[in-house]
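Colleague: I'm new to reading protein models. Could you walk me through a few features?

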Amino acid sequence: MLDLRIIREDPDRIRQALRDRGFTHTTPVDEVIQADAQRRHFVTQQQALRAQVKQTARSIGTLMRQGKRQEADQLIADQARLKQNGKEFAAKAAETDETLRALLLSLPNVPHESVPVGRDAADNAVVHAQGEMPEADFELLPHWELAEHLGLIDFARGSKVAGAGFPFYVGMGARLQRALIQFFLDQAARFYTEIQPPLFINEDSARGTGQLPDKEGQMYHVRIDNLYPVPTAEVPLTNYYRGEILSEADLPIKLCAHTPCWRREAGSYGAHVRGLNRLHQFDKVELVQFTHPDRSYDALETMRADAENLLTLLGLPWRRLLMCTGDMGFNQAKQYDLEVWSAGQQRWLEVSSLSNFTSYQARRMSIRYRPAAGGKPRLVHTLNGSALALPRIVAVLLENNQRPDRSIALPEVLHSYMGIPEIR
RNA sequence: GGAGGGGUGGCAGAGUGGUCGAAUGCACUGGUCUUGAAAACCAGCGUACCGCAAGGUACCGGGGGUUCGAAUCCCUCCCCCUCCGCCA
């Protein structure tokens, strides 16, 4: 959610942000301004009437105590009319308030000035690339063939038991999962507080981080208890402080967690979702930060470096994309994506997305801090990023490190976690 | 799942229909006193919204209702505690 005051005072800035993001019209801005004016008008009216009702009620109380029953009855008769008017204004105020809120939720975050203006993925800026793309004088197989050959992942039985996108990891495949989770968490826990969050979240939490209402179809839903299996640890971690006032001295607060992530991925299909490329359930280590508003962009850079360090340690060729205004997430003010080169598929795969939400999520969730110097609570800035999502890392580890005999050399950082230097 | 008891300001804890946004204590902040500190005393001390301001409105777990008037009565949902049942 955006700051109403900014919309009121600098609507052109919001209009420009909408255009940059590829919105065809900027009328929502005007609708917000109109609804806001209406709402304030109704609220003022309602409150004035309410004040009258209260005042009269007090008079009635006094008269009753003095035994002036008749005069009291006279006032009581008057109250009915006031109350009726009050109800009408209250209804109007509530209605415009709802309209306003819905409109506000329809406005995306304002991109940071460093974000390139662009239409779609083609306009994202590759700002850094690192590592060697493997070359081989033998045919490089895609991970699903390697995984099957080595008996690491059983897609078919996963389909039988749960459905497409729910693989079984078997033997060294399962162990590799465990090793990566452990490795990622060990690295993250050096700078972030390790958390084991609930794996189901309620409606309020889903609303807090913005999964509801617009991304509803992406989550699974347990109807009987109205709970959602987490689509990402971002949701429980960011909601950890929902509705709270933190103390400035505690900022930045840095949390990390490993969770499975469940996503319906409705509408996805085709060759690009083969194997591990897109799953309904996958593991991820997530980083979340709550920062002072002046330091969120610095925090984004360090968080980004934290994730990149993992890729470097794993010896994978990776690149960093600065997402353009048109391809960036709705809630984000600035977003980096990290991609790794898949030798078996000859394309880049996204393995991490790191974002600064500025006060956009914090406002909707009401996460604030009390300034050390005193004064009113102010909104924190929230950030999150994956470090990292497992499946595509597994895919690339297999593909990029395959040998002519189809055995897999494991990167050195994983040797102690795996207990072996290679999979064969 | 069944029965019962509870949810009040940072914490503790009064308040069961009428100036209650809410006593009191603790904590915290400022001041007086003091060489300094403690103690004592005095003052302050929630959040949001409306308003140029004065001021007003809302919030006593959430939502709804009764009433001229609700922290207080009713309904409903959530959470916590105790006992029983079940279970890892």
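Modeller: Happily! Keep in mind that this is a predicted model. Let's start at the surface, where Val161, Phe168 and Val170 make a nonpolar patch of about 250 Å².

Colleague: Where is Val170 found?

Modeller: Look at the loop between strand 3 (168-169) and helix 7 (172-188), and you will find Val170 there.

Colleague: Is Val170 buried or exposed?

Modeller: Buried means under 20% relative accessible area and exposed means over 50%. Val170 has 36%, so this residue counts as partly exposed.

Colleague: How do I check the length of helix 7?

Modeller: Allow 1.5 Å a residue: the 17 residues of helix 7 should span 24 Å, and its end C-alpha atoms are indeed 24 Å apart.

Colleague: Which residues of helix 7 are buried?

Modeller: Here is the general idea first. An α-helix has 3.6 residues a turn, so residues three or four places apart point the same way. In helix 7, the buried residues include Gly173, Leu176, Gln177, Leu180, Ile181 and Phe184.

Colleague: How many residues of strand 10 are buried?

Modeller: In strand 10 (residues 318-322), 5 of the 5 are buried, so the rest of the structure largely encloses this strand. Trp318, Arg320 and Leu322 point one way, while Arg319 and Leu321 point the other way.

Colleague: Which strands are joined to strand 10?

Modeller: Strand 1 (residues 125-130) runs antiparallel to strand 10, with 5 bridges joining them. Here Ala129 has Arg319 as its bridge partner. Strand 11 (residues 334-342) is also antiparallel to strand 10 and joined by 5 bridges; there, Leu321 is partnered with Asp337.

Conventions
Residues are numbered from 1 along each chain as its sequence is written. Chains are lettered from A and ligands numbered from 1 in the order in which they are written. This is a predicted model: local features need pLDDT of at least 70, side-chain atom pairs count only at pLDDT 80 or more; totals for chains, interfaces and linings use all residues. Side-chain values use heavy atoms; hydrogens and water are left out. Patches are made of residues with over 30% relative accessible area and no salt bridge: like charges are joined within 9 Å, nonpolar side chains (Val, Leu, Ile, Met, Phe, Trp, Tyr) within 5 Å. Accessible areas come from the Shrake-Rupley method with a 1.4 Å probe; for residues, only the protein chains shown count as cover. A salt bridge is a side-chain nitrogen of Lys or Arg within 4 Å of a carboxyl oxygen of Asp or Glu. Helices (H or I, at least four residues) and strands (E, at least two) are DSSP runs, numbered from the N terminus. Buried means under 20% relative accessible area, exposed over 50%, partly exposed in between (1.4 Å probe, protein chains only). The expected span of a helix is 1.5 Å times one less than its number of residues. Two strands pair if DSSP finds at least two bridges between them.
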